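Subject: A structure for you to look at

Hello,

I am passing on a structure that you have not worked with before. Please open it first, and then read my notes below with the view beside you.

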Amino acid sequence: MRILGIETSCDETAAAVVEDGLHIRSSVVASQMVTHGKYGGVVPELASREHLRAIVVVVREALETASCTLDDCDAVAVTEGPGLVGSLLVGITYAKALCFARKIPLIGVNHIEGHIHAVIMEARAGGNPVEYPALALVASGGHTHLFEVKETGQYRLLGRTRDDAAGEAFDKVAKLLGFGYPGGPIIDQLAPHGNPDGVAFSPTRMKGNPLDFSFSGLKTAVLRWVEQHGMSEEIAARRQLLRAQPNPNIDDWLRVTPKATLNLLASFQYTVVRELLNRALLAAEQISAASVIVAGGVACNSGLRQAAARAPFGCPVLFPTPALSTDNAAMIAAAAFPKLYRSEFANWDLKPRANLTLA
Ligand code: KG4
Ligand code: ZN
């Protein structure tokens with residue numbers, strides 16, 4: 001069974017061919033980082049235009065790399081939400097056109113379910129399938145959620161962010177300090193050069209559900225720190241670096257980042273990781289998790305990976321490989337596989353659902 005997956009929910013145009021929900025025959029991702037980088041975040045209008053430009057080429061490349069044609073595919077799976085409406089619309093419309101022309105079934109996939117399936121797929125491929133019930137921590141630029149995964153396809157929401165997503169907090173803090181977009185990978189590389197105890201950020205206490213997250217207070221605390229420490233010159237130097245060189249490397253950033261700022265970054269990352277893991281530990285205990293899945297772009301974070309490996313979960317903690325952590329279409333094709341099995345097909349009225357939830 002072969003599925004062509006298409007993902008256009010945010011700022012990556014992606015297509016992939018996956019066999020039996022397991023074997024990735026191709027996975028092509030066209031990033032729009034250069035387009036959005038200079039604005040310090042995703043500009044929705046530009047994102048849809050870039051998807052329109054890239055989608056035909058990306059799908060063709062995915063099929064060619066997998067040495068197959070559309071006629072060899074049993075279904076086309078496409079992200080239906082959550083995400084940016086204009087971006088989702090490009091993928092959905094193209095997927096519908098392919099299915100209509102070739103008379104193959106169309107499957108709508110929830111993007112968050114896709115992130116979780118990146119881990120489920122890799123665990124199966126590695127011969128150690130995920131054990132259920134699993135706790136899933138999905139942390140990306142758009143989402144920060146904790147789910148109980150009772151079995152494949154059965155989710156219960158345990159907690160979610162009430163404001164910014166974890167990746168969004170990385171991106172906003174990086175932007176505030178004059179670094180490029182996306183901020184997560186830059187902070188991740190700079191944090192080991194600073195002292196995580198350098199700046200003390202207090203833990204966020206949630207009223208109501210203790211498994212909910214909030215990152216806006218931390219973002220404001222970083223802003224206050226910046227205001228109190230007269231950082232305008234170094235921030236201007238970094239913005240200047242970005243104008244001169246759209247993609248600075250770690251050494252370039254280190255040249256314009258004093259030790260005190262590296263300490264700030266290390267402390268910020270340490271705090272985000274602590275917030276994520278403390279709630280994940282609590283949730284895993286609550287559901288007696290047999291395994292923990294960490295997914296989404298923030299799962300790339302090396303501080304999170306190291307801390308999760310040391311945390312007392314008492315069960316395996318599974319991370320996707322970096323290429324499957326950030327947005328890609330292999331995860332969409334993988335999540336569609338059980339739906340193909342159950343003949344859960346979408347109709348022609350499939351629409352983008354910007355606020356689609358998983359549970
Ligand atoms: O999953 P993803 O590609 O897109 C969404 O579904 O949102 O995640 C992108 C997010 C961005 O906010 C980016 O800054 C963050 O993931 N990210 C990271 C790292 N790599 C990507 N955050 C922290 N550390 C990283 N290494
Ligand atoms: Zn994502």
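Which residue has a polar backbone atom 3.1 Å from an oxygen atom of ligand 1? One such residue is Gly142. Before going further, please keep in mind that this is a predicted model.

**Around ligand 1**

Gly142 has company: a polar backbone atom of Gly184 also lies 3.1 Å from an oxygen atom of ligand 1, and a polar backbone atom of Gly297 is 3.1 Å from a ligand oxygen too. On its own, ligand 1 would expose 550 Å², and the protein buries 91% of that. Three helices each give two or more residues to the shell around the ligand: H4 (111–125), H5 (166–176) and H6 (183–190).

In total, 20 residues surround ligand 1. If you would like a place to start, go to the closest ones, which are Gly141, Asp171, Asp188, Asn301 and Asp327. By class, the shell holds twelve polar, five nonpolar and three charged residues. Both domain 1 (2–116 + 324–341) and domain 2 (132–315) contribute to this shell, with at least three residues from each.

**The second largest pocket**

Next, have a look at the second largest pocket, which holds about 370 Å³ of space. It is lined by 19 residues, and those closest to its centre are Tyr270, Val273, Gly303, Ala307 and Arg310. Helix H10 (259–286) and helix H11 (302–310) are the elements that give two or more residues to this lining. Which helix gives the most? That is H10, with eight residues. The lining of this pocket is made up of ten nonpolar, six polar and three charged residues.

**Some backbone details**

Most peptide bonds are trans, and most residues other than glycine have a negative phi. With that in mind, here are three spots to visit.

- The peptide bond from Gly81 to Pro82 is cis, with omega near -10°. You will find Pro82 in the loop between strand E4 (75–81) and helix H3 (85–102).
- Tyr132 and Pro133 are also joined by a cis peptide bond, with omega about 0°. Pro133 sits in the loop that runs between H4 and strand E6 (134–139).
- Lys103 is not a glycine, yet its phi is positive, at about 55°. Its place is the loop between H3 and strand E5 (106–110).

Enjoy exploring, and do write back with any questions.

Best wishes

Note on methods: Residues numbered from 1 in each chain as written. Chains lettered and ligands numbered in written order. Predicted model: local features only at pLDDT ≥ 70, side-chain atom pairs only at ≥ 80, totals over all residues. Heavy atoms only, no water. Near = heavy atom within 4 Å. Polar contact = N/O pair within 3.5 Å; in protein donor to acceptor, adjacent residues only side chain to side chain. Areas by Shrake-Rupley, 256 points an atom, 1.4 Å probe, with all protein chains shown as cover. Helix = DSSP H or I, 4+ residues; strand = E, 2+ residues; numbered from the N terminus. Nonpolar A, V, L, I, M, F, W, Y, C, P; charged D, E, K, R; others polar. Domains from an automatic or database assignment. 1 Å grid on protein atoms, 1.4 Å probe; cavity = no way out; pocket = protein on both sides within 12 Å on 5 of 7 lines; lining within 4 Å. Points joined across faces, edges and corners; volume = space filled by probe spheres on them.
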